[in-house]
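Hi there,

Here is the structure I promised to pass on to you. Have a look at it first, and then read my notes below.

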Amino acid sequence: MPTEIALEPTVRITQEQIDFFHANGFLSVPAISTPEEIERLKAIYDRLFESKAGREEGNQFDLGGSDEDGKQAVLPQILNPKKYAPELEEGLFRVNAMAISKQLLGEEATAKGEHAIFKPARFGAATPWHQDNAYWGPDHDHCSLSVWMPLQPATLENGCMQFVPGSHTWEILPHHCINNDPRVHGLELDHPEKYTAGAVACPLPPGGATFHLNKTLHYAGPNRSDIPRRAYILGFGLAAKKRETPHDFYWNRQKQTPREERAQAFQKKISAC
Ligand code: NI
């Protein structure tokens, strides 16, 4: 039997980078992967979107639109893509993302889920300004981060990440469903113009990554380029802490998405088997 050799991290960040992350709520790292690995991931990634992997379960959906069957998604997303392609479990990108996340949050940090957001060429919509924490359960406090890795260059033209420095120290601000449409899963910050004047854009080469905290305000523009914009996002964090008084994330209670309906129908179907 071949002996599997566990991959070792190839990237470490400096104390200066760690300090920058804690002061600003984000950090840009030029490489956590290799060109060969990015080519491998890209082929898997495109296959998952083209085959609509996870759609029936509610794990593939349009993050930015009403998500009707047969309508082209403006912001296709897959939750937990490795469920549909276990080979994504292996890779240097994952080992480096975890090692850097432990440097940023502490050795106790563990993996917290992952997703993929695809922006079709000349069609992909903006991911509006939001704090990731606004999507989550209201009864816990989180200390977690997201690692956002593009599989081609990420530029202002195709929708690289943008952050508001220091916004990780703010409260969770009011959000609403994109276009105020409760069928849309994606959230948008209320009155972004009040908060985003000092935003910083982070273009990246393929296989680079940004790291941002759960309350850091961020945005990615529409894809105005001729190539698809593929982003793979990994989450890491410490154990969530139960709050004495839950947040009031009323925007999530207002949602009625086709994704939820599909997820419920799928659960019923498998529990009937
Ligand atoms: Ni986000």
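Let's start with the metal site. Along the sequence, the residues that donate to the nickel ion follow the spacing H-x1-D-x85-H. Asp132 sits in the loop between strand 5 (127-130) and strand 6 (140-141), while His218 belongs to strand 13 (residues 218-220), so this pair ties together parts that are 86 residues apart in sequence. Please keep in mind that this is a predicted model.

The atoms that coordinate the nickel ion are NE2 of His130, OD of Asp132 and NE2 of His218, at 2.1 Å. Asp132 counts as buried, with a relative accessibility of 12%, and His218 is buried too, at 4%.

Next, find His175, which lies in strand 9 (residues 175-177). With 1% relative accessibility, His175 counts as buried. Its side chain reaches the backbone nitrogen of Gln131 at 3.1 Å, and a polar atom of that side chain lies 2.6 Å from the backbone oxygen of Leu173. Leaving aside neighbours within four places in sequence, the residues in contact with His175 include the nickel ligand His130, as well as Tyr250 and Trp251.

Finally, take a look at helix 3, which covers residues 92-105. Its 14 residues reach 20 Å from the first C-alpha to the last, close to the 20 Å expected. Ten of the 14 are buried, so helix 3 is largely enclosed by the rest of the structure. Among the buried ones are Leu92, Phe93, Ile100 and Leu104. Just after the helix, Gly106 takes a positive phi of about 120°.

Enjoy exploring!

Methods
Residues numbered from 1 in each chain as written. Predicted model: local features only at pLDDT ≥ 70, side-chain atom pairs only at ≥ 80, totals over all residues. Heavy atoms only, no water. Donors = N, O, S within 2.8 Å, 3.2 Å for Na, K, Ca; no water. Helix = DSSP H or I, 4+ residues; strand = E, 2+ residues; numbered from the N terminus. Buried < 20%, exposed > 50% of the residue type's maximum accessible area, 1.4 Å probe, protein only. Expected span 1.5 Å × (residues − 1). Polar contact = N/O pair within 3.5 Å; in protein donor to acceptor, adjacent residues only side chain to side chain. Contact = heavy atoms within 4.5 Å.
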